[in-house]
Amino acid sequence: MSGAMAGSTASSSKDRPSSRTSFIPELQSMMFALGDARRPLQETAALVEDIVHTQLITMLHQACEGAVLRGSRVISAEDILFLMRKDKVKVARLLKYLQFRDYKSKLLRSLEDDDLVSDTGGAGGSQRRQRLAHDFLTWMDQTGDFLSLAERQEVDPVKQERIERLERYTQSMDQAQYAEFCESRQLSFAKKASKFRDWLDCSTLELKPNSLAMEILSYLAYETVAQIMDLSLLVKQEMTVKTSPISHVISASYIHYNTHTESCPATVEPPTGAIQPCHIREAIRRYNYRHTKFNTGCFPFQIAYSKSGMAFLTC
């Protein structure tokens, strides 16, 4: 990302309309739960909000175009899955999330009914997310790769490293800090569904996303925040220890959020201070460099988006 691009990213928070719904307080809690300091900086949270918001709006417009082309009256899960189809790692994560949501819905219904849902209709309804995604991916599948995604039981190295990092982080917390950390871990965009819809402001779209599409978008929003935090913590650690120019170049080339493959990221230790906006910008610059230089299979809108100021992390 060029200096001009970095500048456009940095100034975006200043250009935010004052009337726009803000997720900054919630984002500060999410950032703490993902490894930032107990009191994340407001300007850093504002920058993260701008990145995530802009990327989701870009994705929504692309999904809307796809929905219009196929004659749909709404933006659905299929339109989002189509945009994600080249990144099988993220598709697999989404499928696992949908599987978890189906299981949770079934469990909640069983608790409400004081009995397990046993009739055929109820069981089918309890798996609607998985079934919809599976049917669409089956229809779209040309190589057989998608069919095995949901069944894979492999450990996700990125998620595993994140869990281990947060485990190290909590070891130094007192009881009050840990209680606040646990509360922050429960926060997500999905738990603020009405506010999340207002935040996206779909009034300019020709078609509106349905409930399942909004559920997926809220999941992708949180995953994007988590990805930004992973990358920024790595940058912050390198800047803190003042690594040599050679090791800096090597570690920069191993930021493992490549569109097609992901390996286990470098170990990141708990922070000693809040993440700064400069850490976010540097993380985005590195990701943008790796994404555009090594990924020749980008969608046109992803390439255009990266040229406009930031790499496209959401899908």
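**View 1. Aromatic pairs across the predicted model.** A search of the whole structure, which is a predicted model, finds 10 aromatic pairs. One of them joins Y169 and F181. Their ring centres lie 6.3 Å apart and their planes meet at 80 degrees, so the pair is edge-to-face; the cut-off for that class is over 60 degrees. Y169 sits in helix α8 and F181 in helix α9. The two residues are 12 apart, and the pair links distant parts of the chain. Are these two rings buried or exposed? Y169 is buried, at 8% relative accessible area. F181 is buried too, at 5%.

**View 2. Packing of helices α8 and α9.** Helix α8 covers residues 157–170, and helix α9 covers residues 175–185. They pack at an angle of about 155 degrees. Their axes are 11 Å apart. The angle is over 145 degrees, so α8 and α9 are roughly antiparallel to each other. Which residues make the contact? From α8 come L166, Y169 and T170. From α9 come Y178, F181 and R185. By class, the residues of this contact divide into four nonpolar, one polar and one charged. Y169 and F181 thus appear in the helix contact as well as in the edge-to-face pair.

**View 3. The pair F196 and W199 in helix α10.** F196 and W199 form a tilted aromatic pair. The distance is 5.9 Å centre to centre, with 35 degrees between the planes. Both residues belong to helix α10. They are three residues apart, and therefore separated by about one helical turn. F196 counts as buried, at 1% relative accessibility. W199 is buried as well, with a relative accessible area of 0%. The two rings are part of one aromatic cluster, together with F23 and F189.

**View 4. The largest nonpolar core.** This core has 54 residues. Which of them have the most contacts inside it? They are F189, F196, L200 and L217. Several helices each supply at least two residues of the core: α2 (24–33), α3 (42–69), α4 (77–84), α5 (88–113), α10 (193–200), α11 (211–241) and α13 (277–294). The largest share, 14 residues, comes from α11.

**View 5. Surroundings of F196, and a separate core.** Neighbours within four places in sequence are left aside here. F196 is then in contact with F23, L56, F189, M214, L217, S218 and A221. Of these partners, F23 and F189 are also members of its aromatic cluster. Apart from the largest core lies another core, of five residues. Among them are F32, Y169, M173 and F181.

**View 6. H53 beside helix α10 residues.** H53 is placed in helix α3. At 11% relative accessibility, H53 counts as buried, since the cut-off for buried is under 20%. What does H53 touch, not counting residues up to four places away in sequence? The partners are R20, W199 and L200. W199 also pairs with F196, and L200 is one of the residues with the most contacts inside the largest core.

**View 7. The whole chain, for orientation.** The protein chain has 14 helices and zero strands. Buried residues make up 48% of its 315 residues. How much of the contact network is long in sequence terms? Among contacts between residues at least 6 apart in sequence, 79% join residues at least 24 apart.

Definitions and conventions
Residues numbered from 1 in each chain as written. Predicted model: local features only at pLDDT ≥ 70, side-chain atom pairs only at ≥ 80, totals over all residues. Heavy atoms only, no water. Axes fitted to C-alpha atoms, helices over the stretch in contact; angles between N-to-C directions. Helix = DSSP H or I, 4+ residues; strand = E, 2+ residues; numbered from the N terminus. Parallel < 35°, antiparallel > 145°, perpendicular 65-115°, else oblique. Contact = heavy atoms within 4.5 Å. Nonpolar A, V, L, I, M, F, W, Y, C, P; charged D, E, K, R; others polar. Core = buried A, V, L, I, M, F, W, Y, C linked by side-chain atoms within 4.5 Å. Buried < 20%, exposed > 50% of the residue type's maximum accessible area, 1.4 Å probe, protein only. Phe/Tyr/Trp six-rings, centres within 6.5 Å; stacked < 30°, edge-to-face > 60°.
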